[in-house]
Amino acid sequence: MYKERNFLRLILTICVVFSLTTNVSAENNVHYEADVIIYGGTSAAITSAVQVVRMGKSVLVVAPDKHIGGLSSGGLGFTDTGDKSVIGGLAREFYHRVYMHYQKDEAWKWQKQSEYGNKGQGTPAIDGDERTMWIFEPHVAESVFEDLVKEHNIQIHRDEWLDREKGVKVKNGEILSIMTLSGKVYTGEMFIDATYEGDLMAAAGVSYHVGRESNDTYDEEWNGVQVGTLHHQHWFQSDISPYKIPGDPSSGLLPRISKESPGKKGEGDHRIQAYCFRMCLTNHPDNRVEFPKPDGYDPNQYELLLRIYESGWNQTFNKYDPIPNRKTDTNNHGPFSTDNIGMNYDYPEASYERRREIIKEHETYQKGLLYFMANDERMPPEVQKQVKEWGLAKDEFVDNSNWPHQLYIREARRMIGEEVMTEHEVLNKRNVDNSIGMGSYTLDSHNVQRYVKEDGFVQNEGDIGVSTKNPYKISFGSIVPKKEECKNLLVPVCVSSSHIAFGSIRMEPVFMILGQSAATVAVLAIESQQAVQDINYKELKDQLIADSQVISQ
């Protein structure tokens, strides 16, 4: 099998070289080769690449992103950690490097270090005993990733987009090469899809799922439609009319409220949890940029928010989580907030052009929300006064008008691999005997839809928060496809899991953990000349432990 693949790779290289020497118009059709090809620029992509290099193999990162680190450097600085004791390996090294940065006096430009620390937020910022720091500014995270890349001499081809239609060459269940829209061809022995979307996985013909499975699919309790389930505080706690003229259905619905039936509890559907941008805001006057009025601004989009304030809701600033230098990681909070509920259903399968439209619509919605709150005269005066004290951070996302460069893709495709992680494994109701890392965060799904109840009032649906109580093991089989589908691909982000299990797994530290483990599998598969599904688990386990991964407690 592997001799055949190496022969095919040689033939492919010869063909590419021939095309370059005979067709001058194909100047962009350049061939690159490495032991491991990683597609994606996320935190998982970088930890994967570092691990490959540390294990002595060559690697090349093909990233559609210009900025590396995904959400970890894209605004999510208030890390969703869960039990920090199970975060090991390169993930823990990342947070150690963040800690070391903030030990420098020059790191504190807008705030004294003594003014920042563990503020009872539930996620200790600075863990001095462990020499780790879990809360940070976006540009600091990106700098840490860039340092890792430079130190390991990792080659990254940025702004290179997979040709999803005809760019993945597969032979006998193995990927031979991938090609980007610019015409660049990449061949390798092993491939890792480290994107949030799972584009390489899908283009390679690997099975996957989009949306929520029914509870019957995996005999779960917290999957599927969850009408009547009200967790967290992201639901309408008062009776609020969804109609343009309150109480009058004939007047039509307000924007961003679905006219469709929400479905029955436990049913599967095509819907996915809402996306948003994790915003980095500041109230330091010398570093604050006033909230801009976006093109296409429409104040009518936010009428429902006014009705929520009229009902007595007053939790506007509950998720302005403090990060260093008087900045925030501002996340969704409440029944109508930064989550753009129901506007992303087609994103996972959409074309690049359509995805850009969806991302732009999310940006317009969220910028418009901030501008509305700061400027619309109908806002409660006491809230508006406080909102005006905030703005975008001038020294973050400097090449993107201080707006995050990464939309929070909380969920897209999920592989259906050798094994599927479900709530049974995540809640420790069923044992995992081939662990490659651990998770611990709450089963956490953001809202999926906003609909009209039978009583004529508006409600959100899909928000779930169920404690895992204890850390859980993540199975080796969840990052590899079914063997009959692909033998040399690993998927550490769009892992094989149910919707609700992914609600816990989908945290950035876990993606870094799984990225390192995926790279370890890839290298061992190369060295043993085996399919990724066939490597010796004991050998994998020993290597992971040697590299400080935590795979059990």
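Let me start with a pair of helices: helix 12 passes helix 13 in a right-handed crossing, a crossing being right-handed if the near helix is turned clockwise from the far one by less than a right angle, and left-handed if anticlockwise. The contact, meaning heavy atoms within 4.5 Å, is made by Ser-517, Thr-520, Val-521 and Leu-524 of helix 12 and by Glu-539, Leu-540, Gln-543 and Leu-544 of helix 13.

Before going on, I should say that this is a predicted model, in which local features need pLDDT of at least 70 and side-chain atom pairs count only at pLDDT 80 or more, while totals for chains, interfaces and linings use all residues. Residues are numbered from 1 along each chain as its sequence is written, and side-chain values use heavy atoms, with hydrogens and water left out.

Helix 12 covers residues 508-528 and helix 13 residues 537-546, and the two pack at an angle of about 130°, with their axes 10 Å apart. That makes helix 12 oblique to helix 13, oblique being what remains once angles under 35 degrees count as roughly parallel, over 145 as roughly antiparallel and 65 to 115 as roughly perpendicular.

Now to strand 10, residues 190-193, where Met-190 and Ile-192 point one way, Phe-191 and Asp-193 point the other way, and all are buried (under 20% relative accessible area, with a 1.4 Å probe and protein chains only). Which strands pair with strand 10? Strand 2, residues 36-39, does so in the parallel sense over four bridges, and strand 26, residues 489-490, in the parallel sense over two bridges, where pairing requires that DSSP finds at least two bridges. Ile-192 stands opposite Ile-38 and also opposite Leu-490 in strand 26.

Technical notes: Axes fitted to C-alpha atoms, helices over the stretch in contact; angles between N-to-C directions. Buried < 20%, exposed > 50% of the residue type's maximum accessible area, 1.4 Å probe, protein only.
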